[in-house]
Amino acid sequence: MDKFIIEGPTPLKGQIPISGSKNAALPLMAASLLGNSPSTIHLVPRLKDIYTFNDVIRGTGTEVDFNESENTLRIDPTTLNHTEAPYDLVRKMRASFYMLGALIGRAGEAKVSLPGGCAWGPRPVDLHLKGFETMGIDIELEQGYVHASIDNNSVEGGEFTLEPSSVGATINLVLGAVLRAKKFVIKNAAKEPDVVLLCNMLKKMGADIEGIGTDTLTIQKVDKLEGVEFSNDPDRIETGTYMIAAAMHPDSDVTLTGCKPEDLGRFPTYFKKLGVHFEISGSDIRIQTNGGINPVSIKTKIYPGFPTDLQAQWATLMTQAKGTSTVTDTIYFDRFSYVPELKRLGAKLSVEKNKVTIQGPTQLTGTSVMSTDLRASVSLVLAAMAAEGQSEILRVYHLDRGYEQLEKKLNSVGASITRADQ
Ligand code: UD1
């Protein structure tokens with residue numbers, strides 16, 4: 001197992017290229033299984049979750065060829081002959097549950113392990129299952145597995161309202177419906193850029209989907225889909241994370257390149273309130289700081305609201321703000337495992353229900369801390385980069401799931417992060 005040794009504080013200066021989005025790439029990979037011919041996806045990040053999903057897909061007899069130097073993935077589903085996603089792979093990554101929709105679409109049947117718990121509390125899949133049942137798919141649960149089947153080649157479909165709106169359930173239901181449901185309407189569908197991108201790829205493959213980018217998706221069955229060449233989007237969460245990294249230091253000048261600013265929703269509106277200089281020019285985002293930042297309270301919301309995947313980083317940033325602020329997570333109520341670790345670095349935070357109150361500014365001091373999940377881990381890296389002295393971050397394997405070349409990118413703009421054996 002690896003750990004990071006981080007020396008701080010270091011102002012950040014220079015350019016950071018943004019990688020392809022992990023959360024957007026996974027549904028595109030699942031969509032490739034629906035084609036009659038191979039698909040090629042560009043801008044796929046080299047991340048542990050992508051490798052895990054490659055293995056899940058290979059388990060079905062599908063050929064997967066990852067050209068890592070080009071970040072290009074070629075998926076040939078014409079040899080798919082097995083409709084199972086086993087527990088030992090699904091438990092490593094919840095998004096493997098997309099195999100349920102992909103296999104229903106592809107083969108009309110699936111046996112997919114239930115994903116189980118998560119480091120930050122229960123994350124149910126009830127909406128995925130109820131949605132498939134509404135569509136007319138037979139769903140049975142047996143020994144931790146979901147068995148899905150269809151009597152005939154197609155099902156009637158119908159209408160299903162997601163309450164709450166769910167990214168994963170929307171993706172799974174779209175994947176399952178495009179080749180099987182005569183007409184299926186998803187109400188209160190997720191509008192996150194990852195969902196829009198998936199629908200656009202499926203449309204290019206030949207799917208009939210209306211309402212893309214709105215909260216009502218109407219899907220009508222087509223008989224076949226063709227493989228396509230398609231480009232993934234830049235990672236909006238990585239972009240937001242590095243914007244926050246720059247703002248953590250009073251003397252930074254960082255340009256993020258290869259971004260898709262329109263995918264950031266309302267995040268830039270909150271970011272501007274910090275009082276840092278912030279400029280978008282095409283796919284470049286430049287952040288310049290000169291002195292301290294204002295406290296800015298946020299509440300996470302579905303897209304285009306403030307993303308839950310950036311709340312831990314924002315709370316970390318607020319430890320440096322000139323005053324008190326709050327971070328409230330309305331999507332996940334239990335996503336605060338980073339708080340005790342930040343306190344070990346000297347931060348002043350308190351949690352009440354789903355709200356963190358942060359008192360800033362505090363001079364953080366280096367020490368040993370432990371990663372607990374992906375976004376909590378990156379927050380500890382940001383905090384350690386601002387802390388006086390040396391910090392040690394244990395269990396950084398979480399970071400390798402979601403941030404491509406994190407230490408290389410941050411070191412190239414002035415950070416001091418060394419990877420070592422734990
Ligand atoms: C995805 C992202 C994750 C992000 C989250 C919210 C991926 C791989 N993961 O996760 O990084 O934090 O969106 O933007 O893209 N819910 C139910 N029943 C269900 C499904 C969800 O009640 O069957 C609830 C959840 O508990 C949560 C809310 O719906 O409160 C939203 O979750 P959802 O959008 O499904 O998150 P994921 O797709 O799992």
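**Exercise 1.** In this predicted model, determine whether Glu407 counts as buried or exposed, and identify its salt-bridge partner.

*Solution.*
1. Glu407 has a relative accessibility of 16%. The cut-off for buried is under 20%, so Glu407 counts as buried.
2. Glu407 forms a salt bridge with Arg419, with 2.6 Å between the closest N and O atoms.
3. Glu407 belongs to helix α14 (residues 406–411) and Arg419 to strand β24; the two residues are twelve apart.
4. Arg419, at 30% relative accessibility, counts as partly exposed.
5. Both residues belong to a salt-bridge network that also includes Asp2 and Asp400.

**Exercise 2.** Describe the sheet that contains β24 and state which strands stand at its edges.

*Solution.*
1. The sheet is open and has four strands, ordered β22-β23-β1-β24, with mixed pairing.
2. β22 (368–370) and β24 (416–421) each have a single partner strand, so one side of each lacks a neighbour in the sheet; these are the edges.
3. β24 runs antiparallel to β1 (residues 2–8), to which six bridges join it. Within this pairing, Ile6 has Ile417 as its bridge partner.
4. Helix α12 (residues 374–386) packs on the sheet and touches β1, β22, β23 (389–394) and β24.

**Exercise 3.** Explain which parts of the chain the salt bridge between Lys22 and Asp49 ties together.

*Solution.*
1. The side chains of Lys22 and Asp49 meet at 3.3 Å, N to O.
2. Lys22 lies in helix α1 (residues 22–32) and Asp49 in helix α2 (residues 48–58), so the bridge ties together parts 27 residues apart in sequence.
3. Lys22 is buried at 7% relative accessible area, and Asp49 is buried at 2%.

Key. Residues are numbered from 1 along each chain as its sequence is written. This is a predicted model: local features need pLDDT of at least 70, side-chain atom pairs count only at pLDDT 80 or more; totals for chains, interfaces and linings use all residues. Side-chain values use heavy atoms; hydrogens and water are left out. Two strands pair if DSSP finds at least two bridges between them. Contact means heavy atoms within 4.5 Å. Axes are lines fitted to C-alpha atoms, for helices over the stretch in contact, and angles run from 0 to 180 degrees between N-to-C directions. A salt bridge is a side-chain nitrogen of Lys or Arg within 4 Å of a carboxyl oxygen of Asp or Glu. Buried means under 20% relative accessible area, exposed over 50%, partly exposed in between (1.4 Å probe, protein chains only).
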